[in-house]
Amino acid sequence: MAGDPWLAKYDSTWRLAQDIAENIHERNRQQRTGGNPSKFNVMIRSSLQRLQEQINQLKDSLLRNLSTRQITQLEADSHQNMLDDLLTRERQLQTSFKKDGTEPEVMRTSLISTDLKTDLTNPWLMEEPEETRGLNFSEIKHQQQMIIQEQDAGLDALVTVIARQKQMGRDIGNELDEQNEIIDDLTHLVDKTDSRIQNETRRVKLVDKKSTSWGMLVVIVLLLVAIVVVAVWPKG
């Protein structure tokens, strides 16, 4: 991420905002001391316009990078947070520029000094966490890069776990398919065996029926022979 063009553009835009804050402070000082603030107003107005243009370019670049998948969603969210902070600063600069500069050094202490122990509230640091307070832009950027790297490492670990679970699911699915095939084979074998048993049962019944018929026929023949023998047997 060290060579990210978007971050380089953001860095230059940030510095432009700081320069505008310095110029507004100098304009206000000129107004309070009876100097000539006109040239500062012209320069500040031009710088504010350039700041808006660069912020719009950062917006377009961020959307383009995200739509073309040049950055991850996590990186896009981080860039969007940085861009929102820059937009807040741009609105504060616009508000300060429109003032007449007769108020005390509020803008100066708000935009530059973070160590003054006064009752003035720094509007740029109202929501800044303790972890980044007092750090310059390069240090904040490095800290954000470290956080993103840790988050990327966590996402990589999560992806690994999900991939492992996915593979386990596939293995279980394959095992179930094999078990279903075995069950289908057993069902087919049972059906064939049942069919054979039914066929053999019918054959046994048929043979039993035939055996009974032959037995009766033999008995009848024997009775006929006995009758004939008794009939032709000479009487005493």
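**Figure 1. Salt bridges of the predicted model.** The count comes to 3 salt bridges. A salt bridge here is a side-chain nitrogen of Lys or Arg within 4 Å of a carboxyl oxygen of Asp or Glu. The model is predicted, so local features need pLDDT of at least 70, side-chain atom pairs count only at pLDDT 80 or more, and totals for chains, interfaces and linings use all residues. Residues are numbered from 1 along each chain as its sequence is written, and side-chain values use heavy atoms, with hydrogens and water left out.

**Figure 2. The R15–D11 salt bridge in α1.** R15 forms a salt bridge with D11. Their closest N and O atoms are 3.0 Å apart. Both residues lie in helix α1, 4 residues apart, about one turn of the helix. Helices are DSSP runs (H or I, at least four residues), numbered from the N terminus; strands are E runs of at least two. Is D11 buried or exposed? At 15% relative accessibility, D11 counts as buried. R15, at 45%, counts as partly exposed. The cut-offs are under 20% relative accessible area for buried, over 50% for exposed, and in between for partly exposed (1.4 Å probe, protein chains only).

**Figure 3. The E26–R29 salt bridge in α1.** E26 pairs with R29 in a salt bridge, and the closest N and O atoms are 2.5 Å apart. Both lie in helix α1, with a spacing of 3 residues, about one turn of the helix. R29 is partly exposed, with a relative accessible area of 34%. An α-helix has 3.6 residues a turn, so residues three or four places apart point the same way.

**Figure 4. The R89–D85 salt bridge in α3.** R89 forms a salt bridge with D85. The closest N and O atoms are 2.0 Å apart. Because R89 and D85 are 4 residues apart in helix α3 (residues 73-98), about one helical turn separates them. R89 counts as buried, at 7% relative accessibility. D85 is partly exposed, with a relative accessible area of 26%.

**Figure 5. The aromatic cluster of W6, Y10 and W14**. The structure holds 2 aromatic pairs. W6 and Y10 form a stacked pair, 5.7 Å centre to centre with 10° between the planes. Rings of Phe, Tyr and Trp (its six-membered ring) pair if their centres lie within 6.5 Å; planes under 30 degrees apart count as stacked, over 60 as edge-to-face and the rest as tilted. W6 and Y10 both lie in helix α1, 4 residues apart, about one turn of the helix. The rings of Y10 and W14 have their centres 6.0 Å apart and their planes at 50°, so this pair is tilted. Y10 and W14 are also both in helix α1, again 4 residues apart, about one turn. Both W6 and Y10 are buried, and so is W14. Ring pairs link W6, Y10 and W14 into a cluster.

**Figure 6. D4 at the N-terminal end of α1**. D4 is found in the segment before α1 (5-32). Which residue offers its backbone nitrogen to the side chain of D4? The partner is W6, reached at 3.0 Å. The oxygen of the D4 side chain thus lies in a polar contact, defined as a pair of N or O atoms within 3.5 Å; within protein, one must be able to donate a hydrogen and the other to accept it, and residues adjacent in sequence count only if both atoms are side-chain atoms. D4 caps the N-terminal end of α1 through this oxygen. D4 is buried, with a relative accessible area of 16%.

**Figure 7. The span of α1 and the residue G34**. At 1.5 Å a residue, the 28 residues of α1 should span 40 Å. The expected span is 1.5 Å times one less than the number of residues. The end C-alpha atoms of α1 are 41 Å apart, which agrees. G34 follows α1 and has a positive phi, near 80°.

**Figure 8. The buried residues of α2**. Helix α2 (residues 38-67) has 30 residues. From first C-alpha to last it reaches 44 Å, close to the 44 Å expected at 1.5 Å a residue. Its buried residues include F40, I44, L48, L51, I55, L58 and L62. The polar names N41, S47, Q54, S61 and N65 are also buried in α2. The buried residues of α2 pack against α1 and α3. Just after α2, R69 takes a positive phi of about 60°.

**Figure 9. Contacts of Q54 in α2**. Q54 counts as buried, at 11% relative accessibility. Which residues does Q54 touch, leaving aside its neighbours within four places in sequence? Q54 is in contact with K9, S12, T13 and L16. Contact means heavy atoms within 4.5 Å.
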